[in-house]
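User: I've got this model open and want to know how its labels are justified. Can you walk me through the reasoning?

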Amino acid sequence: MSDSPSSVLGIIAGKGNYPRLMLQEARRQGRRRIVMAAFEGETDQALAAEADQVEWMRVGQLGKLLSFFKNAEVSEAVMAGQITPGRLFDLRPDWKALRLLLSLKRRNAESLFGAVADVLENEGVCLLPATTYLDKYLAGLGLIAGPRRDGQLKWDLETAWPVVIQLSALDVGQCAVVKKGTVLAVEGYDGTNATIRRGGKLARGGATLCKLSKPNQDMRFDVPVIGLNTLEVCYEAGIKRIIVEAGMTLILDLEDVRRFCQDHRITLWGHSERKPI
């Protein structure tokens with residue numbers, strides 16, 4: 001199915017500024033009608049006013065999501081914004097979601113969102129890549145923001161990169177905190193921010209965060225994202241360097257990110273396996 005301005009776009013909106021940026025860029029690039037599936041306790045209530053139509057629901061109300069999209073004549077949809085990881089263990093699923101959950105051998109973000117994507121496809125809704133309309137926000141190579149790299153960045157990258165590749169290949173997490181050749185924290189179910197805080201506490205300042213995509217990343221969901229919230233958590237935890245995967249990581253609020261990194265002396269660096277540091 002092609003991306004047509006005349007078709008209705010549905011945004012499945014999680015936390016943060018990501019859904020707002022998606023909506024604004026979709027409008028700027030010609031989408032005429034945008035509806036939003038919003039989640040109680042997750043989606044910014046102020047954002048709802050910017051969509052043409054909004055349906056509020058609990059996480060786990062898959063049947064309500066499908067009915068909303070069908071009634072709104074949604075032909076294409078996009079997932080934007082994270083759902084708090086703990087809510088996946090606190091689901092109150094409707095019968096449609098319960099049937100889906102019972103069919104899954106593994107219950108993690110990738111398997112769950114992948115199954116939801118399949119259900120949407122069966123209902124005639126094409127799930128677009130989570131980077132649709134946002135190509136200009138993808139991380140580039142080299143220095144993105146903040147001070148120039150130092151010697152520790154190369155050291156920490158060489159330590160963290162292969163660890164996070166293996167971690168993500170096992171579908172455990174997508175980031176790690178390291179300092180001077182030592183891995184201090186790896187991401188688990190608690191998510192990126194909790195990993196930053198754990199690693200920062202052990203490092204006592206001067207550590208590096210490395211965050212990248214999974215091998216064969218499904219770009220429809222769970223795309224790595226860096227925004228002001230991540231930077232604020234890094235600053236509080238004493239993280240001084242952030243390494244992301246070029247071409248696979250969204251940098252939200254880029255100008256604000258650049259100002260924050262410069263003001264707080266945090267280096268944001270884009271790397272790719274295909275280009276040596």
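**Labels and the values behind them**

Analyst: Sure. This is a predicted model. Start with the open sheet: five strands in the order β3-β2-β1-β4-β5, with parallel pairing.

User: What makes β3 and β5 edge strands?

Analyst: Each has a single partner strand, so one side of β3 (53-57) and one side of β5 (126-127) is left without a neighbour in the sheet.

User: How do you know that β2 and β3 really pair?

Analyst: Pairing takes at least two bridges. Strand β2 (residues 34-39) and β3 have five, in the parallel sense, so they count as a pair. Phenylalanine 39 stands opposite methionine 57 in β3. Helix α2 (residues 62-71) lies across β1 (8-13), β2, β3 and β4 (74-80), and runs at about 170° to β3.

User: Which residues touch the most other members of the largest nonpolar core?

Analyst: Leu209, Ile239, Ile242 and Leu268, out of 25 residues in that core. Elements that give two or more residues to this core include β9 (207-211), α7 (228-237) and β11 (239-245). Another core, of 24 residues, lies apart from it, with Phe39 and Met57 among its members.

User: How many aromatic pairs are there?

Analyst: A search of the whole structure finds two.

User: Why is the pair of phenylalanine 68 and phenylalanine 69 called tilted?

Analyst: Their ring centres are 5.7 Å apart, and the pairing cut-off is within 6.5 Å. The planes stand at 35°, while stacked needs under 30 degrees and edge-to-face over 60. The angle fits neither, so the pair is tilted. Both phenylalanine 68 and phenylalanine 69 are buried.

User: And what makes tyrosine 235 and phenylalanine 260 edge-to-face?

Analyst: Their planes are at 90°, and edge-to-face asks for over 60. The centres are 6.3 Å apart, which is within the 6.5 Å limit. Tyrosine 235 lies in helix α7 and phenylalanine 260 in helix α8, so the pair ties together parts that are 25 residues apart in sequence.

User: Are those two rings' residues buried or exposed?

Analyst: Buried means under 20% relative accessible area and exposed means over 50%. Phenylalanine 260 has 12%, so it counts as buried. Tyrosine 235 has 45%, so it is partly exposed.

User: How do you know that glutamate 50 and arginine 20 form a salt bridge?

Analyst: The closest N and O atoms are 3.1 Å apart, and the cut-off is within 4 Å, so the pair qualifies. The pair links distant parts of the chain, with glutamate 50 in the loop between β2 and β3 and arginine 20 in helix α1 (residues 18-28), 30 residues apart. Arginine 20 is buried at 17% relative accessibility, whereas glutamate 50 is partly exposed at 28%.

User: What separates arginine 28 and glutamate 25 along helix α1?

Analyst: About one helical turn, because they are three residues apart. Their side chains meet in a salt bridge at 2.8 Å, N to O. Arginine 28 has a relative accessible area of 54%, so it is exposed. Glutamate 25, at 6%, counts as buried.

User: How many salt bridges does the rule give in total?

Analyst: The count comes to 14. Another of them joins glutamate 255 to arginine 258, with the closest N and O atoms 2.9 Å apart. Both residues lie in helix α8. Glutamate 255, with 46%, is partly exposed, and arginine 258, at 36%, also counts as partly exposed. Salt bridges that share partners join Arg20, Asp44 and Glu50 into one network.

Conventions:
Residues are numbered from 1 along each chain as its sequence is written. This is a predicted model: local features need pLDDT of at least 70, side-chain atom pairs count only at pLDDT 80 or more; totals for chains, interfaces and linings use all residues. Side-chain values use heavy atoms; hydrogens and water are left out. Helices (H or I, at least four residues) and strands (E, at least two) are DSSP runs, numbered from the N terminus. Contact means heavy atoms within 4.5 Å. Axes are lines fitted to C-alpha atoms, for helices over the stretch in contact, and angles run from 0 to 180 degrees between N-to-C directions. A nonpolar core is a set of buried Ala, Val, Leu, Ile, Met, Phe, Trp, Tyr and Cys residues joined through side-chain atoms within 4.5 Å. Buried means under 20% relative accessible area, exposed over 50%, partly exposed in between (1.4 Å probe, protein chains only). Rings of Phe, Tyr and Trp (its six-membered ring) pair if their centres lie within 6.5 Å; planes under 30 degrees apart count as stacked, over 60 as edge-to-face and the rest as tilted.
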